[in-house]
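The following points are offered for your consideration as you read the structure. They move from the chain as a whole to its pockets, its charged pairs and a few individual residues.

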Amino acid sequence: MKGSFIIISSPSGGGKGTLIREVMMTMPDIGYSVSYTTRAPRFGEEHGREYFFISKAEFDDLIAGNDLLEYAEVHGNMYGTSRSQTEAMLEQGRDVILEIDVQGALNMMEKVPDLVSVFILPPSFEVLEARLTARNTEDVEGLALRLRNAVNEVAQYERFQYVIVNDVVSTASRMLGSIICAERQKRIRQTASIQGILDSFARAKHTFAGDNHT
Ligand code: 5GP
């Protein structure tokens with residue numbers, strides 16, 4: 001059985017990256033899609049780990065080659081999800097986390113009807129502002145842009161199946177792990193994996209042939 005997409009969105013600074021890292025430590029079989037971006041690497045970021053950092057011309061080539069499953073301009077830079085990378089992981093039966101912005105999430109919801117979507121909501125606008133300021137990765141303009149965009153992104157939360165308020169990281173990451181676990185237990189996702197169990201009951205049925213009481 002193919003894996004499923006798990007779309008995780010939040011405003012910038014909402015803490016989705018931290019929650020995803022926490023969950024992946026306990027569920028190592030989950031795949032993570034490393035996006036392409038035209039934004040410059042931040043201090044400590046590595047090509048191929050946080051993102052594939054590429055030029056605008058390279059990004060345009062990916063679009064032209066139909067290599068991106070979805071893409072969007074976010075806070076003035078281009079970001080996109082690799083089609084081949086995600087397809088390979090899904091084919092292996094692995095669920096794949098996409099940490100993408102709200103536009104990209106809405107785009108994916110239209111293309112892939114059976115995905116799982118989670119919106120990470122900061123406890124308040126003021127907390128988000130404080131977190132983004134403390135992170136100190138943006139200049140004054142970049143910070144203002146991310147906060148302005150946050151207001152519009154939060155307004156879209158109703159489009160998501162699940163909402164997690166990210167107040168305490170350990171609690172929020174447990175909630176995210178629980179959502180993924182519950183999704184995996186859906187009957188429809190287990191028809192192949194439980195076949196052997198069902199077969200053993202079907203074989204046992206012959207043992208009771210002629211026995212009328214239940
Ligand atoms: P940052 O520059 O802070 O790493 O990311 C900015 C925003 O772009 C975040 O909301 C992040 O989730 C989003 N983003 C990262 N990769 C992708 C992608 O492949 N597609 C889309 N649509 N958004 C992405």
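1. Of the 214 residues of the protein chain, 41% count as buried. The model is a predicted one, and the values discussed here should be read with that in mind. The chain contains nine helices and nine strands. Taken along the principal axes, its C-alpha atoms fill a box of roughly 80 × 40 × 30 Å. Among the contacts between residues at least 6 apart in sequence, 69% join residues at least 24 apart.

2. The largest pocket has a volume of about 930 Å³. It is lined by 36 residues, and those closest to its centre are Lys16, Gly17, Arg42, Tyr51 and Glu99. Two or more lining residues come from each of helix H1 (16-26), strand E5 (68-74), strand E6 (77-82), helix H5 (125-135) and helix H6 (140-154). Helix H1 supplies the largest share of this lining, with six residues. Sorted by class, the lining comprises 14 charged, twelve polar and ten nonpolar residues.

3. The second largest pocket holds about 350 Å³ of space. Gly3, Ser4, Phe5, Asp114 and Leu115 are the closest to its centre among the 16 residues that line this pocket. Helix H3 (83-91) and helix H8 (187-190) are the elements that give two or more residues to its lining. By class, this lining has seven nonpolar, six charged and three polar residues.

4. How many salt bridges does the structure hold? The count is 14. As a general point, side chains of opposite charge can pair when their charged atoms come close. Arg42, already named among the residues closest to the centre of the largest pocket, takes part in two of the pairs selected here. Its side chain meets that of Glu138 in a salt bridge with an N to O distance of 3.1 Å. This pair links distant parts of the chain, 96 residues apart: Arg42 is in the loop between E3 and strand E4 (51-53), whereas Glu138 is in the loop between H5 and H6. Arg42 also forms a salt bridge with Glu45, at 3.9 Å from N to O.

5. The accessibility of these partners may be set side by side. Arg42 is partly exposed, with a relative accessible area of 21%, and Glu138 is partly exposed at 22%. Glu45, with a relative accessible area of 18%, is buried because it falls under the 20% limit. A further salt bridge joins the side chains of Glu183 and Lys186, at 3.0 Å from N to O. Here Glu183 is buried, with a relative accessible area of 9%, while Lys186 counts as partly exposed at 42%. Elsewhere, salt bridges that share partners join Arg39, Arg42, Glu45, Arg135, Glu138 and Arg146 into one network.

6. Glu153, in helix H6, calls for separate comment. Which side chain of opposite charge is nearest to Glu153? That side chain is Lys16, 7.1 Å away, and Glu153 is buried yet has no salt bridge. The distance lies beyond the limit of 4 Å for a salt bridge, so the pair with Lys16 is not counted as one. Leaving aside neighbours within four places in sequence, Glu153 is in contact with Ser10, Pro11, Ser12, His75, Val102 and Phe119.

7. Is Tyr36, in strand E3 (residues 35-37), buried or exposed? At 18% relative accessibility, Tyr36 counts as buried, because the limit is 20%. Beyond its neighbours within four places in sequence, Tyr36 is in contact with Phe52, Ile54, Phe59, Leu62, Leu68, Met78, Tyr79, Gly80 and Ser82. One of these partners, Tyr79, is 43 residues from Tyr36 along the chain, yet their C-alpha atoms are separated by 5.6 Å.

8. The last residue for comment is His206, which lies in helix H9 (residues 195-207). His206 is exposed, with a relative accessible area of 63%. Its C-alpha atom is separated by 65 Å from that of Leu132, and the two residues are 74 apart along the chain.

Technical notes
Residues numbered from 1 in each chain as written. Predicted model: local features only at pLDDT ≥ 70, side-chain atom pairs only at ≥ 80, totals over all residues. Heavy atoms only, no water. 1 Å grid on protein atoms, 1.4 Å probe; cavity = no way out; pocket = protein on both sides within 12 Å on 5 of 7 lines; lining within 4 Å. Points joined across faces, edges and corners; volume = space filled by probe spheres on them. Helix = DSSP H or I, 4+ residues; strand = E, 2+ residues; numbered from the N terminus. Nonpolar A, V, L, I, M, F, W, Y, C, P; charged D, E, K, R; others polar. Buried < 20%, exposed > 50% of the residue type's maximum accessible area, 1.4 Å probe, protein only. Lys, Arg positive; Asp, Glu negative; His and termini not counted. Contact = heavy atoms within 4.5 Å.
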